[in-house]
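Work through the exercises below with the model open beside you. Try each task before reading its solution.

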Amino acid sequence: MIAEDKLERFEKSILPQMDAAYNLARWLTRSDVDAQDVVQEAYLRAFKFFAGFRGGDSRSWLLRIVRNTCYTWIGKNRRGEVKMTTEEEALDLTSDAATPDEVLLQKADSKSLHQAIEELPLEFRETLVMRELEGMSYKEIADVADLPLGTVMSRLARARRLLRQRLLNQPGGKG
Amino acid sequence: MSCSEFGVLIHGYLDGELELSRSLEIEQHIGSCPSCSQTYANLRSLRQAIAGGSLHIDAPKGLRMRVRSALRRESRAEAPIKLMRWGWMFLWAPLGAVAIVLLAIFILRLPQAADGRLAQEVVSAHVRSLQPGHLVDVTSGDQHTVKPWFNGKLDFSPPVKDLAAQGFILLGGRLDYVGDRAVAALVYQRRKHLINLFITPSARAGSVAEKSLSDRGYNLIGWTQSDMSYWVVSDLNESELRQFVLLVRK
């Protein structure tokens with residue numbers, strides 16, 4: 001009876017967040033099959049730890065577990081990808097070419113954007129995905145990724161700059 | 001505000017995460033710096049491109065079903081484990097309680113049982129001594145004859161008292177075997193009643209208070225004093241036997 005009740009509550013509060021879970025897992029693993037495996041595993045983990053969920057922001061709670069599961073998966077299957085860029089602090093954004101590229105970016109179609117985001121280093125990719133695709137606040141991102149708020153902002157700055165550079169350098173992007 | 005400061009803060013501004021005062025500073029800077037104004041415009045268009053790119057990838061339909069059934073399996077797997085744990089509790093808790101009670105009884109009764117067994121042996125030794133020719137090995141009313149007689153026969157020297165003046169006549173002593181060891185037995189007489197006083201070094205140090213028992217119509221009093229254990233047994237009435245004990249203990 002207790003187990004049934006737990007499952008019911010879990011399905012009600014955590015299951016609706018599956019799109020967010022899959023989206024993050026998909027962008028981090030860059031594979032549909034792996035993302036599905038990761039999401040299933042993350043859900044089972046979440047179910048196990050559900051007693052620790054005190055209500056509130058179920059999406060952040062679940063995404064934290066999804067992210068951890070992703071990192072474990074990446075550590076096992078894509079060794080070398082989890083290497084944090086150290087130049088984060090020495091961010092030099094003044095070199096951003098302040099030239100109008102609205103036209104260029106408007107031309108950037110979904111496919112080239114997708115590719116450019118996938119090519120971002122892991123830590124910038126995840127921050128950008130949570131901010132731009134999930135519409136999460138800095139606070140929520142900080143909670144999920146265990147980061148200070150300032151780092152969330154600087155990672156986003158870096159991610160957008162790298163993304164822009166990639167879009168500019170993509171073959172066909174300029175045409 | 002400098003342009004380098006602006007570089008990171010513009011993202012906070014773009015995302016609506018800055019405090020009002022900071023936001024106003026950014027707006028002022030955008031208004032006065034064409035380069036940063038362009039950077040801001042570029043970021044806005046990048047954001048628009050992402051927003052319009054349908055980049056959010058929703059979970060495939062099959063995944064929801066797959067996760068749900070995995071959860072049901074997990075939930076079912078969890079339930080028996082809990083039941084099993086509690087099941088064991090229900091099984092073992094009463095047994096454990098019974099075991100604890102039995103153990104407590106055993107521990108509490110242990111000295112009594114041992115005393116009881118010893119008392120039986122003491123009475124048996126007393127009865128045996130009353131058979132013809134068994135009462136004493138050394139016949140003497142003199143404590144200075146009886147006490148040395150035990151030398152070389154026991155690994156201890158029992159205290160022997162002459163209580164004739166108090167009405168307890170020393171008849172003599174003998175070796176006996178009580179409680180799995182050789183003991184000194186002193187025999188006294190009160191009128192027609194014979195008293196056996198068994199003496200043996202105590203297994204326990206210190207003193208133990210007197211215990212009165214009766215077994216098969218005989219009265220027994222046992223105690224431990226100065227690391228020696230004493231048992232007195234006789235068909236004498238209890239009050240006179242107590243009187244004897246008091247004299248021995250003095």
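The exercises cover confidence, the sheet, helix packing and the chain contact in a predicted model.

**Exercise 1. Confidence in chain A**

Task: Find where confidence in chain A is lowest and where it is highest.

Solution:
- Step 1. Start with the whole chain. Chain A has a mean pLDDT of 84, and 78% of its residues reach 70 or more.
- Step 2. Go to the elements. The lowest confidence in chain A falls in helix α5 (residues 102-107), with a mean of 61. The highest falls in helix α2 (residues 18-29) of chain A, at 97.
- Step 3. Apply the general rule. Predicted coordinates should not be read in detail where pLDDT is low.

**Exercise 2. The sheet of chain B**

Task: Give the strand order of the open sheet in chain B, and say which strands stand at the edges.

Solution:
- Step 1. Write the order. The seven strands run β1-β2-β3-β4-β7-β6-β5 in chain B, with antiparallel pairing.
- Step 2. Look at the ends. β1 (138-139) and β5 of chain B each have a single partner strand, so one side of each has no neighbour in the sheet.
- Step 3. Add the helix. Helix α6 (residues 238-249) of chain B packs on this sheet and touches β3, β4 (193-201), β5, β6 and β7 of chain B. The direction of α6 makes about 25° with that of β6(B).

**Exercise 3. Strand pairs and hairpins**

Task: For three strand pairs in chain B, state how many bridges join them.

Solution:
- Step 1. Take β2 (residues 169-178) and β3 (residues 181-190) of chain B. They are antiparallel and joined by nine bridges. R174(B) has A185(B) in β3(B) as its bridge partner.
- Step 2. Take β5 (residues 208-215) and β6 (residues 218-225) of chain B. Six bridges link these antiparallel strands. L213(B) is matched with L220(B) in β6(B). Two residues lie between the strands of this hairpin, and R216(B) has a positive phi near 50°.
- Step 3. Take β6(B) and β7 (residues 228-234) of chain B. Seven bridges hold this antiparallel pair. The bridge partner of W223(B) is Y230(B) in β7(B). This hairpin has two residues between its strands, and S226(B) takes a positive phi near 50°.

**Exercise 4. Two helix contacts**

Task: Describe how α8 packs with α9 in chain A, then how α1 packs with α2 in chain B.

Solution:
- Step 1. Get the geometry in chain A. α8 (residues 138-145) and α9 (residues 149-169) of chain A pack at about 100°, with axes 9 Å apart. The two helices are therefore roughly perpendicular.
- Step 2. List the contact. Y138(A), K139(A), I141(A) and A142(A) of α8(A) meet L149(A), V152(A) and M153(A) of α9(A). By class, these are six nonpolar, no polar and one charged.
- Step 3. Move to chain B. α1 (residues 3-14) and α2 (residues 20-32) of chain B pack at about 115°, with axes 10 Å apart. The crossing of α1(B) and α2(B) is left-handed.
- Step 4. List this contact. α1(B) brings F6(B), L9(B), I10(B) and Y13(B), and α2(B) brings R22(B), S23(B), I26(B) and H29(B). These comprise five nonpolar, two polar and one charged.

**Exercise 5. Where the chains meet**

Task: Say how many residues of chain B contact chain A, and which helices supply them.

Solution:
- Step 1. Count. In chain B, 38 residues are in contact with 41 residues of chain A.
- Step 2. Assign. α1, α3 (34-51) and α4 (61-130) of chain B each supply at least two residues of the side that touches chain A.
- Step 3. Classify. That side of chain B has 16 nonpolar, 13 polar and nine charged residues.

How values were computed: Residues numbered from 1 in each chain as written. Chains lettered and ligands numbered in written order. Predicted model: local features only at pLDDT ≥ 70, side-chain atom pairs only at ≥ 80, totals over all residues. Axes fitted to C-alpha atoms, helices over the stretch in contact; angles between N-to-C directions. Helix = DSSP H or I, 4+ residues; strand = E, 2+ residues; numbered from the N terminus. Left-handed = near helix turned anticlockwise from the far one by under 90°. Contact = placed C-beta atoms within 7 Å. Nonpolar A, V, L, I, M, F, W, Y, C, P; charged D, E, K, R; others polar. Parallel < 35°, antiparallel > 145°, perpendicular 65-115°, else oblique. Pairing = 2+ DSSP bridges. pLDDT = per-residue confidence, 0-100.
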